[in-house]
Amino acid sequence: MIKFSFVIQDKQGIHARPAGILVKTAGQFKSAATMHCNNKSADLKRVFAVMSLGVKAGMLVTVQVEGEDEVAAKAAIESCLKSNL
Amino acid sequence: MVYERDAEELPANKKVENVQAELSRFVQAQQTVLQNLQKLQAKALQEIGEEEAAIFDVHQLMVTDLDYVEGITNLIKTSNVSAAYAVAKIGEQFAQQFAKMDDEYMQGRSADVRDITNQLLVVLGEHRRNGLHLTKSVILVVDDLSPSETLCLDKSKVLGFVTISGSTNSHTAILARTLGIPAVVGTGRVLPEEQSGTLAIIDGNKGLVYLDPDLATQQQVVEQQEEEAKNKEYLTQMKGLPTITQAGQKIKLCVNIGQVEELPMVERYDAEGVGLFRSEFIYLGRKYFPSEEELFVVYKQVAASLKGKKAIIRTLDIGADKKVAYFNLPAEENPALGLRAIRLCLMRPRIFEMQLRALLRASAYGKISIMLPMIISLAEVQQAKAILERVKENLRADKIKFDPEIELGIMIETPAAAVISDLLAAEVDFFSIGTNDLVQYTLAVDRQNAVLNELADVHHPAVLRLIELTIQNAHKQGIWVGICGEAAADTSLTAQFVAMGVDELSVVPNQVLTLRKLIREL
C-alpha cells in the first residue's frame, strides 16, 4: 500500500472536469485507489463519490493505492493531481 | 415563445415479471446514451472547445459510475421494478445528494445528474424530448435546459433563452456565454403563458427580462446595444496602444479587483497591471481565519496569472463597514474612525504576519507589491516595516524563497497622511491615493449616509489640494504615485490628475480603455 498527500491549488477545488480526469486515470489501473479528505473517503474510480467529497482550494487530500500495479498508479494519480489541481 | 415541458413524474411503479429483461433494457439504454454522449462531445469539441466539451466526458463517467449503476440494478433486482422506474428513482437520489452540498458549484451539479438520468429515460421510452423544431426566430422560455440541449439549440432560430430554474454556475449558463447566446438563467418565476408569442427583450448582462416592452424601453435597449457595440470598437481600437498624452506624458492604467475570478479582466481590457487587489474576500463569508496556505494559494495565483505584470495587493482592510464575526471585534460608535485596517493589523500582529508571510512567499511566482491601508503616521509605517523585516528573516531562516526587491507602498486616504506625505515618502516605494476615504475624512462626510451624497464631492478644492500635495511630495522623494479610488475613473478629473503629474490610475476594468482614449487625446 502506498499513501501520499496533496494540497489542492485549483481555486474551484475538485470540480466536475478534474474529477472526471482523476477517475479516468485511476480506472486505468488494477489497484484500488481511495481519496480521503475532510474525514470522508471516496473510491477514486467512482466520479459521483469523488465529486461528493466537496474538495475545495487549499484542502489537503490523502490518496491511498493498493494492488499489484500500485507504484505506477500512484505516479499517474500524483501527476494527474499536479497538472490539473 | 414559451416551451413547456410535461412535468416529470416518476414512471409508474409496477411490479415486473421479468427482472432479467429489465436489467438488459437498462444496459442497452446505457450503451445508447453513451454513444450519444460521445457524439455530443465530438460536436462540442468542434464547435466550442476542449474546456466545454469536457462536461460531456464527465457525463459519460456519470452514466457508467458504479454507485449509480449498482444503485439502479440493485433496485431492479430487489424490488422487481422497471428499468425506467429504477433510473428515475436513483437519478433523483443522486441529484438530491448534490443539491444538499454546501457549495454552490456542487449544488449546480444536480442538473448534470438530472441531464443524464433524463437521457436514459428518453431512450427507455419514458420521456419524449428530442430537440425542438422551431420555424421562426424566438426567445425560448423553458423550465430548464440541460447542457446537451443547449448545445443542440438551433442558433439561427434561438435569439436567446430564459430558464426558470438553474443557476448562473450551471454548465448551461457557461455554454450559453461561450456560444454567445443571450440568456437569463434561473428567474425563479414562471412567465405567464399568455405572453407566449408576444414581444420580449432579454438582457443577459443584467439578467433582466422585459415582457411587452413599451417604446421607450425598446429605444433604451437599442441604445444600449449600440453602446455595447461602440465599446467593443474601443476594445479593438485601443487595445495594445500605449497610454500617452499628445505631449508625451505616460500614464500607467491598472485595474482594481477584489476576486480571483476577475483576473482575466486585466488581459481582456489590456490593463497594465492590478493597481489594487482587495484581499478581504478571502476572509469574508467563513467561520474561522484562513490558513497561511490558503492565502498563499490565492496570492500565488494572482502573481502567476499576470504574466509579469504587477499586482499591488492591499493588506487586510477589515473593520468599519466590513465586519467579520471570528475577528471578535467590539461594536463601535464610529466604525469608520475605529479599529480597522492597519490599526487592527498592528494590534493583532499574528494575523498580519501570516498575511505578509503568504504574500512574500507568493512574490517568488510573479510581481507583487504590498500596500498598507489607512495610514495616519510615520510610526505606523515604521512598525509595519519592522514586522515585514521580521517575516522576511524568518523566511530566509526557513530557506523559503521570495522576492527580496518586493515594493512596499501605502494608501494615502486620510488627510493626516496627505499632509505629512513628505515624511512618509522617505519610508516607502510608492503611494496610492484612495479618494473615497480621503473625501470622507477630509470633508467629514459619512460615506454610508445617502442623504449626504452631494456633499461627498471629490471636486472639492480641499480634496484636490491634498491630492496635488501628495503627488508633489512623492515626486520630490523620487517615488511614484497612483490614484485607486473611484475618482480615478471620473473622466471629468482625468485632465487635472494628468496635469498634477499622477503616474498611475487604477480603475474598474471596463473603464480602462475609455480612459486610454481620453488620455491619448489630451
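The following exercises, with worked solutions, concern the interface of chain A and chain B in a predicted model.

In this predicted model local features need pLDDT of at least 70, side-chain atom pairs count only at pLDDT 80 or more, and totals for chains, interfaces and linings use all residues. Residues are numbered from 1 along each chain as its sequence is written, chains are lettered from A and ligands numbered from 1 in the order in which they are written, and side-chain values use heavy atoms, with hydrogens and water left out.

**Exercise 1.** Determine how many residues of each chain are in contact, and what area is buried.

*Solution.* Step 1: contact means heavy atoms within 4.5 Å. Under this rule, 20 residues of chain A are in contact with 31 residues of chain B. Step 2: buried area is the accessible area (1.4 Å probe) that two parts lose on being put together, summed over both. The two chains bury about 2,100 Å² between them, with 65% of it on carbon and sulfur atoms. Step 3: in chain B, the residues that lose the most area to chain A are L61(B), Y105(B) and V297(B), together 22% of what that side buries.

**Exercise 2.** Find the number of salt bridges across the interface of chain B and chain A.

*Solution.* Step 1: a salt bridge is a side-chain nitrogen of Lys or Arg within 4 Å of a carboxyl oxygen of Asp or Glu. Step 2: the rule finds 3 across this interface. A salt bridge joins the side chains of K24(A) and D57(B), at 2.9 Å from N to O.

**Exercise 3.** Decide whether H15(A) is buried or exposed, and state its contacts.

*Solution.* Step 1: buried means under 20% relative accessible area, exposed over 50%, and partly exposed in between (1.4 Å probe, protein chains only). Step 2: H15(A) has 8% relative accessibility, and therefore counts as buried. Step 3: leaving aside neighbours within four places in sequence, H15(A) is in contact with D10(A), Y105(B) and M106(B).
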